[in-house]
Amino acid sequence: MAILELPGKREVVGNLVAAQLSRRGVGFFSFGEYFESRPLLEILKPEVVVKDHTWIDGVAYRALRIDDSLLRETLAAHHDSLLYRLEVERGSVELEVRGNLMVFSWFLEERREEIAAMALASFSEEGRGVVRASYRDVYELRLAVNPPLRVEVRPAGVEYRGRLTLGEGEALTLYLTGAPRGGAVKPIPPQRVEEEGRRRVREMLGALRGRVVEPRYELLWRYMWYVILSNRAHVEGHPVLKRPFNMPSKLVYRHQWLWDSAFHAIVLSSYDVRMAEEELMNLYEAQKPDGRIPHEVFLSKEFCKLFWSVDDYSPWTTQPPVLAIAVEVIRRRGGSREFLEESFKALDRYDRWLREQRDSDRDQLIAYVDYLESGWDNSVRWDEAIARYKRSPETYRGRYREVRMAPVEAVDLNAYVYLQRRILAKLARSLGLEDEAEEYGALAEETRRRVLSEMWDEETGFFYDIWEDTHEHIKVKTPAAFTTLYAGIATEEQARRLVEHLLNPGEFWTRFPLPTVSADDPRYDPSGYWRGASWLNMLWLTYWGLRRYGFNEEARKLAERALEHMARGPTCSENYDSSTGAPMGAPDFGWSTLMITIIEDLSTGQGVDAYIVA
């Protein structure tokens, strides 16, 4: 357990710096939404990989041969520092080094200078081979290249380049440090980055000793623990993100999201319950006066305004209400009374907001009014709802202040609401609030009754979303139906029929199972984001739903079918091509580590009491 070694691993993540090695060089993305740097290195002569990347305790190595020369690459990250070193072990090489340190613009490349001006970023050459970038008085980066390079300062960044020859025993070193401006954080000396990075990862993984894991999944399991722990960040001085939290992927998604954090907290609760509590407390801190818990907390108001036209750290949307599930898992693992009291207050206000702002017909079935609010961003589920809104926006604006699609009472949304209300009743009772416990028990039962009477289709044996105004079924088959198993809403006969759909190769039993729309839908795209790719949070909910109803063999088959592909890398990606099993989207993705809990359940059979919550 002391050493975690992953052949072929290409990403290394430090606390405040994310890095990614490519086969034709190295490029890294700095922490946060402010800066990025890529690519850093181009080797003129064709390279031959003698030994591909080996990833040991947070440090990546690769052996290269160029003509008759042998080189060794090292990439290490720890806290605020990243070190890249290319050392010639035999012979000599000619290199051309080109790179930049720019305002981070993500997909808005054409607006880079506008973003630079808006963010008030500044760039400068500090000395030979040293460049600096700062974001207001908040954050700064310093990049040192040795041997030095020629530097050119531009409005939105700094570019550097040079040609050099390295002889035996010589090395090219790139050292990036980041720190809050004026803070007490000091960069770690380059020679200590590799040592400290390895020590910290060993320390993190050392806490897992003694856990029972099937040997075929042990490497994947350990890697996923590294992912969930190393995606953790702490932004000093942030007015909302006051506590440490997990970014979904430091390589791509660098804010805090509502439902991502709920899934992160579920995994973290079995490592350190206080860490899991912290994960949710920022979201309570971000809760609005009217009770809404926002969709996302940005690192800056500037980027929230850029993407949402809202002068705040959060947009006007929420996300699927799965926080209560995480709270209940934390409670069972010994969550503090203080945390549970804060959770009840936040979730009570949130449920009241949902009733007032997302249930215009007051039937206790909550509606989505924005496709991004659903978490299933571009899903086939919302195609007709978006089209209806565009045809007649005035029809819906009277009911909801902010709306971007015809309101849909979604089956998964209401399964989560049912669970939230059951859990609020339980929390209220444990805190001595009997009236509130009675209120939420009754609300939960009404939601359950409505899901059964309005959303089940006896002819096809499936649960469907419905239109809020007419309650007609929206006949699109998605894994949202299986959340009724996790919530315990479905009857035994309904559960049996849902399992038939799950195991049908023409519907959900694809190579990587559980695509986000049934494979017999004409719009099914196996690599489509939420239009046919497979996501691990949906698989997690379905697995435990099957276990809840006693379909234990089916649950094992579902898990093993997915883990077969994940273990090959190992990979822990945002989503997977449902027809090939190929990993897609952001690497090192936080909620995909939910598979840790399934691996442990497959190994011991003891997960039911922890993860089936009501």
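How many of the 11 residues of S10 are buried? In this predicted model, the count is 9, so strand S10 is largely enclosed by the rest of the structure. That makes S10 a handy place to start a tour of the sheet around it.

The sheet is an open one with 4 strands, and reading across it gives the order S5-S10-S15-S14, with antiparallel pairing. At its edges lie strand S5 (35-36) and strand S14 (150-154), each of which pairs on one side only. Strands of a sheet, as a rule, pair through backbone hydrogen bonds, either parallel or antiparallel. Here, S10 (residues 93-103) runs antiparallel to S15 (residues 157-166), and the two are joined over 10 bridges. Two spots help to line them up: Val-97 stands opposite Gly-162 in S15, while Leu-101 has Val-158 of S15 as its bridge partner. The pairing of S10 with S5 is antiparallel too, over 2 bridges. There, Phe-35 has Val-103 of S10 as its bridge partner.

Next come the nonpolar cores. In soluble globular proteins, nonpolar side chains tend to be buried together. The largest core in this model holds 158 residues, and Trp-259 and Phe-463 have the most contacts inside it. Helix H11 (residues 411-430) is the top contributor to this core, giving 12 residues. A second, separate core has 44 residues, among them Phe-35, Phe-298, Cys-304 and Trp-316. Cys-304 counts as buried because its relative accessibility is 0%. Another cysteine, Cys-572, also counts as buried, because its relative accessibility is 1%. As for disulfides, the structure holds 0.

Back in the largest core, Phe-463 is worth a look for the company it keeps. Setting aside neighbours within four places in sequence, Phe-463 is in contact with Val-411, Val-451, Leu-452, Met-455, Trp-456, Ala-481, Thr-484, Ala-490, Gln-494 and Leu-498.

Aromatic rings turn up together in many places, with 29 aromatic pairs in the structure. One of them is formed by Trp-540 and Tyr-611, which meet edge-to-face at 6.1 Å centre to centre, with 75° between the planes. This pair links distant parts of the chain: Trp-540 sits in helix H15 and Tyr-611 in helix H18 (residues 608-611), 71 residues apart. Both partners are tucked away. Trp-540 is buried, with a relative accessible area of 0%, and Tyr-611 is buried as well, at 3%. Elsewhere, ring pairs tie Tyr-253, Trp-257, Trp-259, Phe-263, Trp-376, Tyr-529, Trp-530, Trp-535, Phe-589 and Trp-591 into a cluster. Trp-259 of this cluster is one of the two residues with the most contacts inside the largest core.

Some rings also have a charge for company. Trp-376, a member of the cluster, has the charged end of Arg-381 sitting over its ring, 4.5 Å from the centre. Over the face of Tyr-464 lies Lys-475, at 5.6 Å from the ring centre.

Farther along the chain, helix H17 (residues 595-604) is mostly covered, with 8 of its 10 residues buried. These are Met-595, Ile-596, Thr-597, Ile-598, Ile-599, Glu-600, Asp-601 and Leu-602, a list in which Glu-600 and Asp-601 appear alongside Leu-602. What do the buried residues of H17 pack against? Their partners are helix H3 (218-230), helix H4 (258-268), H15, H16 and H18. Just after H17 comes Gly-605, whose phi is positive, near 70°.

H16 (residues 552-566) is home to Ala-562. Ala-562 counts as buried because its relative accessibility is 0%. Leaving out residues up to four places away in sequence, Ala-562 touches Phe-512, Pro-513, Leu-539 and Met-595. Met-595 is one of the buried residues of H17. Ala-562 and Ser-534 are 28 residues apart in sequence, but their C-alpha atoms are 9.3 Å apart in space.

A last stop is Asp-521, found in the loop between helix H14 (492-502) and helix H15 (536-548). Is Asp-521 buried or exposed? At 12% relative accessibility, Asp-521 counts as buried. Not counting residues up to four places away in sequence, Asp-521 touches Val-380 and Val-476.

Methods. Residues are numbered from 1 along each chain as its sequence is written. This is a predicted model: local features need pLDDT of at least 70, side-chain atom pairs count only at pLDDT 80 or more; totals for chains, interfaces and linings use all residues. Side-chain values use heavy atoms; hydrogens and water are left out. Buried means under 20% relative accessible area, exposed over 50%, partly exposed in between (1.4 Å probe, protein chains only). Contact means heavy atoms within 4.5 Å. A nonpolar core is a set of buried Ala, Val, Leu, Ile, Met, Phe, Trp, Tyr and Cys residues joined through side-chain atoms within 4.5 Å. Rings of Phe, Tyr and Trp (its six-membered ring) pair if their centres lie within 6.5 Å; planes under 30 degrees apart count as stacked, over 60 as edge-to-face and the rest as tilted. A charge sits over a ring if NZ of Lys or CZ of Arg is within 6 Å of the ring centre and within 35 degrees of the ring normal. Two strands pair if DSSP finds at least two bridges between them. A disulfide is a pair of cysteine sulfur atoms within 2.5 Å.
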